[in-house]
Each structure stands twice: as C-alpha cells, then as structure tokens.
Amino acid sequence: MKKTNNYFVVDPWKIIETKFDKNRVKYSESIFSIGNGYMGQRANFEEDYTGDTFQGSYIGGVYYPDKTKVGWWKIGYPEYFAKVLNAPNWIGVSIKVNEESLDLNKCKVKNFQRELDMQKGVYKRKVQLILKNGIELSVEVTRFISLNENSLGAIEYKILAINNDCQILIEPYIDSDIINEDSNWDDSFWEIKSLKKTKLFSAIISKTNKTNFEVCTYMANKLFYEKKAVDPLPINIKSKSKISQSFKINIKKGKILTLNKIGGYIKAKENISKNLIDQAKEIVDKYLKFDFDDLLKIQINSWKKIWDVSDVKIDGDVNAQQAIRFNIFHLNQTYSGKDPELNIGPKGFTGEKYGGSTYWDTEAFCLPFYMLTKKQSVSKNLLKYRYFQLDKAIENAKKLGFDKGAALFPMVTMNGEECHNEWEITFEEIHRNGAIAYAIYNYVRFTNDFNYINEMGIEVLIAISRFWAQRFSFSNDKNKYVILGVTGPNEYENNVNNNWYTNYIARWCLIFTKKQIIKIQNFYPNDFSRIAKKTNWNLNEFNLWDKIIKNTYLPYSNEKEVFLQQDGFLDKELIKANKLKLTDRPINQNWSWDRILRSVFIKQADVLQGFYFFSEDFSLDELKKNYEFYEPFTLHESSLSPSIHSILASRLGLIDNAYHLYLQTSRLDLDDYNQELDEGLHITSMAGTWLAIIEGFAGMKINDDTIHFKNNLPDKWKSLSFKIYVRGSLLQINLSKIHNNYIWEDKSTVKIIIKGK
Ligand code: BGC
C-alpha cells in the first residue's frame, strides 16, 4: 500500500513538518488540527490563501439536518443527515505588504515549518517568504485553543521585515460566510442575525437554519510594534457577514510586528440567560489583558494535568512513542467529558466526513480510553448520552415495525435520531445496539458503579433486549433462533443471515439484562417497582428470552473448527489478502460493490470483534483457530480494524504481528495508510490504538474484582509505562524486559494478577 511514510519528523512530543508542498496543504491541515472538546479547527492558515485548502472550524453539538439525498427512497429512511457544521471563521488575518497580499500560494516560500507541540497543546508555524514586490519577511504564528476556557482561542502572529522597510496593513477579521464541503443541496446552513462592534471587540451572532443553534463568533485584537502598542483603525463592518479591525503601520527592516488575537465561539444554552454578546464581552474583558505568554502558561499547565495521568511512555521506539501521544492528544482535544450532550465523532473537529457525531465507535472503542484515564463522571457522561436518547431509539425501532418498548439506537446520530440512509446499514447494521449494552457492562465492571444500572442503564438494557427478542425469528429448518438480513461489523457483506457476531452479542444482551433485572429485583426492590412501572416490565418476557438464549443459532464449521462469519461464508473463494494486487487496494476505492460483496475480503474485525469483547467465553485455542482463519482475509480498510487484531495477536503471543498492526493503527494518519488524510483524522480509531497498548502489550483485563496483566512488550521496546484509573484509584504500571511494577497511587481493594499468578 502506498504510504507517505517519514513525511513528518519523528519526535517523542512533537509533530513537525519541514516543507511547504502545495499539494499537501489539506493533509497537514488535518494533522495539525487543534480543539478542546467544545470547539476545534483544522490547521488553516490565518492569512488569505488562494491555493487548495479545506477550511474547517467546528463547534461540538452544532449541526444542520441536511435533507436526505438518495437514489431510491425506502420507507424507514431518515428525513435528514445531521452534518457537523462548518462554523464561522474566527482566525482570519488578511495582510497587505506595500499593498500586495500576503498569500503563500503566490509568493516564494524560502523556509517553512509547522510544529504541533503535544505536550503543551500548541500549534506553531514559521515561514520565510519573498513577496512578488521583493519584500522578504519572516512570519511566526503560535495558536492554541484553551483547555481551560471552552470559548477561548488565541493567536500570536509575528512579522519580521528581513530585507527592507515596508508598510503593513494587517486586518484580523471574523467571517460568517461559510459553507460545508459536503452539503447535499447547497443549502445555506447559517443565518446571520447581527454584527456587533465595540471599541474592544467585535462579534457576529448567527443562527443555524432549521436547528436554531445560536452562536456568537467573536474576536479582540492587540497589535505591538517592537513591544509598543499600535492604535487600531476603527472596527469595520466589511460586509453582511464580515467584520474586521485594521492596523496600518510602517515597519523598519529588522523590526517585529506582533498581533495578538483572541476569539472563538459561544453557543447559547438554555440554562444561561445572559445574552451572547455580554458573555463574549466577559471573556474579552478577562483575557485580552493577559500577555500571550501568560495565556500560554495556563494552557501548558492544563495539558500537564492531562499528561500526568494519560501519558504512555515507550522507551526504545520513538516512532511508536510519537504515534501514541498523537492519538492521546487528539482524543483529549475531541472530548472532555464535561457535557453529556456531546460525543466523539469519527473525525472529531478535523473534517466533515461521516457527519453526525456518534457511532458505535464510541461504545466499542472510545469508552475504555476515557473510563481509564479520566474521573468516572467522564465515561458516565458517555453512557448518559445514550440514556437521554432512549425515547428516540424506541421511536426509531417503532418506525421499523418493532413495538412494546423495543429500542434500536441509530447508526449515526447527533440528537438521538437516526441519520444514516443506506438500507444495508440503517436497517441492518443492528449490532450497534449490542455495543451500547456492552459499554454499560464494561463501565460497571471497571468502576463498580452499579448505581448507574439501577438509575438509568437498566432501561436501556431492557429496551435493547426487547429489540433483540423481536428481531430473532425461529427457523423450523434449523430448530434454532436466527437473525436474518443483517450487516455485521464487516461492512463488505450486506444483508447476510446469521452473522455470528450479531447473533452472539444479541444473545449476550439477553443474558446480561436478565441477570441485572434479577439482581435489582432481589436486592433493590424499590428500584425494581419503579423500573417495572416505567418500562412496563413483565416477568413473562423472560420466557421468550430463555428460549432464545438456549437455542440461538451460531454458525460453526466442524471442518475448519471456526465460527462462521455468516451462513454460506465457506461458499466463497478463500483467497488471502496478500494475493490481492496493490493496485486493487483499498478495494472500496477500486472495486464495484457487487464484486466486494461476493469476495471473501473482510473490512474489519467481525467474528474477531466477538472474540475481543467476550474473551472469557473462549479458550486460547479457539481464539488461535479463528484468528488464523480470518486475519489472512482481512484488509483492515476500516481504521477500526488493526487495533483489535493487534490486541488479539498480543494475546496469542504473536508479538511481531501485533507490533506491525500497532504501527498501522497508531500511525494511520501520520503515515496516511488509508490515503484519505485530507478529509480529516480517524479520531475514534485512536482509542483503539491506546487499547492495543494497554490490553495488548500490557495484557490488561478485568474480571470480577481482579485486574490482570501480561507483559507482551515488542522486542524493540525497552520499557512501557502508563497509568489507569481502576475503581477510582490510580494504578501506575511500569513494564520492561526485566521488571514489572504495579503501584497504586491511592488505596485500592482490587487484586492484581500477573501472568495468571
Ligand atoms: C466502519 C464502521 C464505523 C464507521 C465510523 C466505517 O468505515 O466500518 O464500523 O462505525 O466507519 O468510524
């Protein structure tokens, strides 16, 4: 596969780009994206740029319901696809030097360097350039989005005149005339309500069409010439959508001009009555007086607190070290866990593809990262997000013909409504329901917070189990309960019968939910009455559940001794992935869909996803047989694939294989394995990368009140250390070839088992 290996400098804490390549601007805009869980943006240049670029700045939870566009309408399709909305631009700074526009596409770039300092949470760019008029400048920009203050971003923009005196017109602006690259009908997503300027700051209030999210985009600026403040020209309303503030100044050769700009978004919230302009004013009053360096110190300190808990240190392999920090950095930029209405989109704040924000990725991949590196409230918020959307999931199932409180959570959503519109996924990729139940189980086994099940989780579990009980049907031929017409996690198969993973997780949901109901009934009778009333629960429902549990059809091949991905899987030509021509890959970009469907090739873990989730249910020998059978057919063309395979390979002691897959998942974007970096980063799969280390190379598992580890370090790694929260206590793990240390930072009652002892 073609990779852009080694483009970025390998460094333990930084991502560094040293070339200016106009064809790669969009790629690097993705890599250097910054955010704080509330807002985020691609690394677009501040100054005007006429070359190829993908302008993107996003606000968590702000979306537009873009009317569905499909070839042939099918009953049950959602009316709209929720698009993460490109928000107004607050970073813009237009610059004219002796009346010529500073535009990297038009001038000669002598030196160029970008750097993302992940330790400090800061993005920097240095450029040395010559304009057509002969003026040579050096530009140095530092930018960050505050972890401390949701609505605050800050830029320091420095210009040094290298070869001549010159006149500079510098014009920071905010602009609300914004489009989404992926708009279906070229609708306008925003309506501009008002533009406001005061001496100190300017702001644009805009509202999203249809969804009515009200947002204030604001900015305030200070300019210094050699550290002396420069008076601005009056703030100027440039157009219906744009406000700028200009400064005009002659600068001498060798002297420096410094612009400090702060800005960002304030989203109206029901619980805050203060108007948006007053809120913007408050932020400007508070932060404009800070020196940029002081703001920076606060930022560095906030990131230090994150790294103190969530850093993973790898000694002996800088490639791997840089990659894991890159993944951890972006996960923290995407979701802070402060707000149960927000979630983790596959592209986070780095692009628009996938629309929506929430996929099964959150429960299946992301939850463990936030659960083990943050306080409990963070992962609980991820669970609450689904709980608050339960009514919509019940409505969604109703639309598809299910009843009596059965819920089907959406494949993709912003507010609980389904917005995916391909029948084979919307109606058939129902295994997602299982992951949502699994996340509740996973959360409780790690945190011991059974109260969550009592208070909220049980309602979700009952509704999901009711869905499964109705979705199974009885096959007289097989004398078993079957699930027909589904798409498993491997999306390269559609409308198959008896996808083993789906059948297995559906059955598991019934077993797990039943256990929880009985526990609540026995130990929390008051809660039981409340829940039974609210959910209309009737103990007779267990009759059908029990029959299904005893008689679920789980396809198996006696000859191969493996579970079958689905009925008829062995009818396929069993050609291994390494026999495919490189020019055919990725097959989803090169093959017709019917060819993909007929082939044996697997997009991502499917049977093996079940082995990952339910490892206690299977022996190592069973895992080995299934891994050896399925992995060779797997193309890993979903970003979610290599991490699960890496973990399983570690469990099997195939450490070289696990290591190779680890590099593929952790450097997926840095090395652009899937050739789509320009569209944004693969944020949700980054959590899988973290799992590949914690559950793979450190062999971490939790069962009952015991946490297990197994040192599976790759040969190259001299040592590995990290911390995780287990039941509220922080555990420090240091592994090397010669020692394994496990240190509780606080008291804990959890037992640690190492290599079975
Ligand atoms: C994968 C899905 C995933 C989605 C978003 C698809 O390519 O097949 O499993 O939920 O991407 O990450």
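Which elements cover the buried residues of helix α6? In the predicted model examined here, the cover of these residues includes α5 (361–373), α7 (390–399), α9 (432–447), α10 (451–471) and α12 (525–535). The buried residues of α6 are V378, S379, K380, N381, L382, L383, Y385, R386 and Y387. Helix α6 itself comprises the 13 residues 376–388, for which a rise of 1.5 Å a residue leads to an expected span of 18 Å, and this agrees with the 18 Å that separates its end C-alpha atoms. A bend of about 25° is nevertheless found in α6 at L382, a residue that also belongs to the buried set of this helix.

The strands of the N-terminal part of the numbering were considered next. Strand β1 (residues 14–17) is joined to strand β8 (residues 108–117) by four bridges in the antiparallel sense, and within this pairing K14 is placed opposite D117 of β8. Strand β8 also pairs with strand β9 (residues 122–130), again in the antiparallel sense and over nine bridges, with R114 having R125 of β9 as its bridge partner. Four residues lie between the strands in the hairpin formed by β8 and β9, and in this hairpin G121 adopts a positive phi near 75°.

A further arrangement of strands is an open sheet of four strands, which pair in the antiparallel sense and follow the order β2-β3-β4-β5. The edges of this sheet are formed by β2 and β5 (80–86), each of which pairs on one side only. The pairing of β5 with strand β4 (residues 57–67) is antiparallel and extends over six bridges, among them one in which A82 of β5 is the partner of P65.

The loop between α1 (25–31) and β2 (34–35) contains S33, which counts as buried because its relative accessibility is 2%, below the 20% limit applied to buried residues. The side chain of S33 has a polar atom 3.1 Å from the backbone oxygen of E29, and a polar atom of the S33 side chain also lies 2.7 Å from the backbone oxygen of S30. When residues up to four places away in sequence are not counted, S33 touches Q41, R42, A43, H330, Q333 and T350.

A second buried loop residue is N499, whose place is between β23 (480–482) and α11 (500–523). The relative accessible area of N499 is 1%, and this residue is therefore classed as buried. With its neighbours within four places in sequence left aside, N499 is in contact with V486, G488, P489, Q565, Q566 and D606.

Turning to the ligand, the residues that surround it are P346, Y354, Y359, W360, D361, E491, K603, Q604, S638 and L640. Among these residues, E491 has a side-chain N or O atom at 3.0 Å from an oxygen atom of the ligand, while for K603 a side-chain N or O atom is found at 2.8 Å from a ligand oxygen atom. In Q604, a polar side-chain atom lies 2.6 Å from an oxygen atom of the ligand.

Particular backbone conformations were also found in loops. The peptide bond that leads from R585 to P586 is cis, with omega near -5°, and P586 is situated in the loop between β25 (562–563) and α14 (587–590). Positive phi values occur in residues other than glycine as well, one of them being E99, with phi near 75°. This residue, E99, lies in the loop between β6 (93–97) and β7 (100–101), and its relative accessibility of 68% is the reason that E99 counts as exposed, the limit for that class being over 50%. For K404, phi is likewise positive and near 50°, and the residue is located in the loop between α7 and α8 (423–426). With a relative accessible area of 68%, K404 is also exposed.

Methods:
Residues are numbered from 1 along each chain as its sequence is written. This is a predicted model: local features need pLDDT of at least 70, side-chain atom pairs count only at pLDDT 80 or more; totals for chains, interfaces and linings use all residues. Side-chain values use heavy atoms; hydrogens and water are left out. Helices (H or I, at least four residues) and strands (E, at least two) are DSSP runs, numbered from the N terminus. The expected span of a helix is 1.5 Å times one less than its number of residues. The bend at a residue is the angle between axes fitted to the seven residues ending there and the seven starting there. Buried means under 20% relative accessible area, exposed over 50%, partly exposed in between (1.4 Å probe, protein chains only). Contact means heavy atoms within 4.5 Å. Two strands pair if DSSP finds at least two bridges between them. A residue is near a molecule or strand if one of its heavy atoms lies within 4 Å of it. A polar contact is a pair of N or O atoms within 3.5 Å; within protein, one must be able to donate a hydrogen and the other to accept it, and residues adjacent in sequence count only if both atoms are side-chain atoms.
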